[in-house]
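The following note sets out points for a colleague who is reading the model at the bench. Each point takes up one part of the structure.

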Amino acid sequence: MSELPSEKLPRLHATQLTGWTNMKVLVNIDVPALAPAVAFYTAALGLKLNRVIEEDVAELAGASSVIYLLQNPPGSQAASTLARARDYARHWTPVHLDFVVDDVAVAAKRAIGAGAAQESECIQWNGSKCITFSDPFGHGFCLIEFAAETYSGGNGM
């Protein structure tokens, strides 16, 4: 992988980010049914059910971002611009979730015990250990253990 030329990357001052300096990230995960999804994510990752909203949204706490499980039936329209309907078979997407854990081996056993499918061996890269999984609803995710606070290496951007 080639390095990004740091001189070509934009440098923004905090005053240029008005309205964005306190941005929060929420994670929304479509699931076919709430009860099994809540059971999986609480057992696999130790998240806690905070509340249920109007019987089709579950709010999970215990991560750095709040996670919402959104009940949407298989076959329903995913977006008005897509012809393809929701399908909860294993699928690939360029966006996925990484859950940073203290011990990837212990977390992997917990996730598998809750119903996750392990899709890779433990890969070590730049001060991290990573194992790829899929949840019972077709979504991929990784469990990552860092030796420090984040990945090591890079050019300090």
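1. In this predicted model, the buried residues of helix H2, which spans residues 104–114, are Val104, Ala107, Ala108 and Ala111. Because these residues cover an arc of only 105° around the axis, they are placed on the same side of H2. On the other side of H2, the exposed residues are Val106, Lys109 and Gly113. The cover over the buried residues of H2 includes helix H1 (34–45), strand S8 (128–134) and S9.

2. The two ends of H2 also deserve attention. At the N-terminal end, Asp103 acts as a cap, with a side-chain oxygen 3.0 Å from the backbone nitrogen of Ala105. Just after H2, Gly115 adopts a positive phi of about 120°.

3. Which residue of helix H1 has its C-alpha atom 8.3 Å from that of Ala111? It is Phe40, a residue of helix H1, and Phe40 and Ala111 are 71 residues apart along the chain. Phe40 counts as buried because its relative accessibility is 3%, and the cut-off for that class is under 20%. Leaving aside residues up to four places away in sequence, Phe40 touches Leu45, Ala111, Ala114, Gly115, Ala116, Asp135, Pro136, Phe137 and Phe141. Ala111, itself one of the buried residues of H2, is thus among the contacts of Phe40.

4. As to the chain as a whole, the protein has two helices and nine strands. From the N terminus on, these elements follow the order β-α-β-β-β-β-α-β-β-β-β. Of the 157 residues in the chain, 30% are buried. Among contacts between residues at least 6 apart in sequence, 50% join residues at least 24 apart.

5. The largest pocket has a volume of about 640 Å³. Its lining consists of 21 residues, and those closest to the centre are Asp30, His91, Thr93, Val95 and His139. Strand S1 (27–31) and strand S9 (140–146) each supply at least two residues of this lining. S1 gives the largest share, four residues. By type, the lining residues divide into 10 nonpolar, six polar and five charged.

6. Is Arg86 buried or exposed? Arg86 lies in the loop between strand S4 (67–71) and strand S5 (97–100). Its relative accessibility is 15%, and it therefore counts as buried. Apart from residues up to four places away in sequence, Arg86 touches Asp30, Asn72, Pro73, Pro74, Gly75, Ser76, Gln77 and Ala78. Asp30, one of these contacts, is also one of the residues closest to the centre of the largest pocket.

7. Two residues other than glycine with positive phi should be checked by eye. Glu54 has phi near 50° and lies in the loop between strand S2 (48–53) and strand S3 (57–61). With a relative accessible area of 73%, Glu54 is exposed. Asn126 has a positive phi of about 45° and is found in the loop between strand S7 (123–125) and S8. Asn126 is partly exposed, its relative accessible area being 33%.

Terms used:
Residues numbered from 1 in each chain as written. Predicted model: local features only at pLDDT ≥ 70, side-chain atom pairs only at ≥ 80, totals over all residues. Heavy atoms only, no water. 1 Å grid on protein atoms, 1.4 Å probe; cavity = no way out; pocket = protein on both sides within 12 Å on 5 of 7 lines; lining within 4 Å. Points joined across faces, edges and corners; volume = space filled by probe spheres on them. Nonpolar A, V, L, I, M, F, W, Y, C, P; charged D, E, K, R; others polar. Buried < 20%, exposed > 50% of the residue type's maximum accessible area, 1.4 Å probe, protein only. Arc of directions from axis to C-beta. Contact = heavy atoms within 4.5 Å. Polar contact = N/O pair within 3.5 Å; in protein donor to acceptor, adjacent residues only side chain to side chain.
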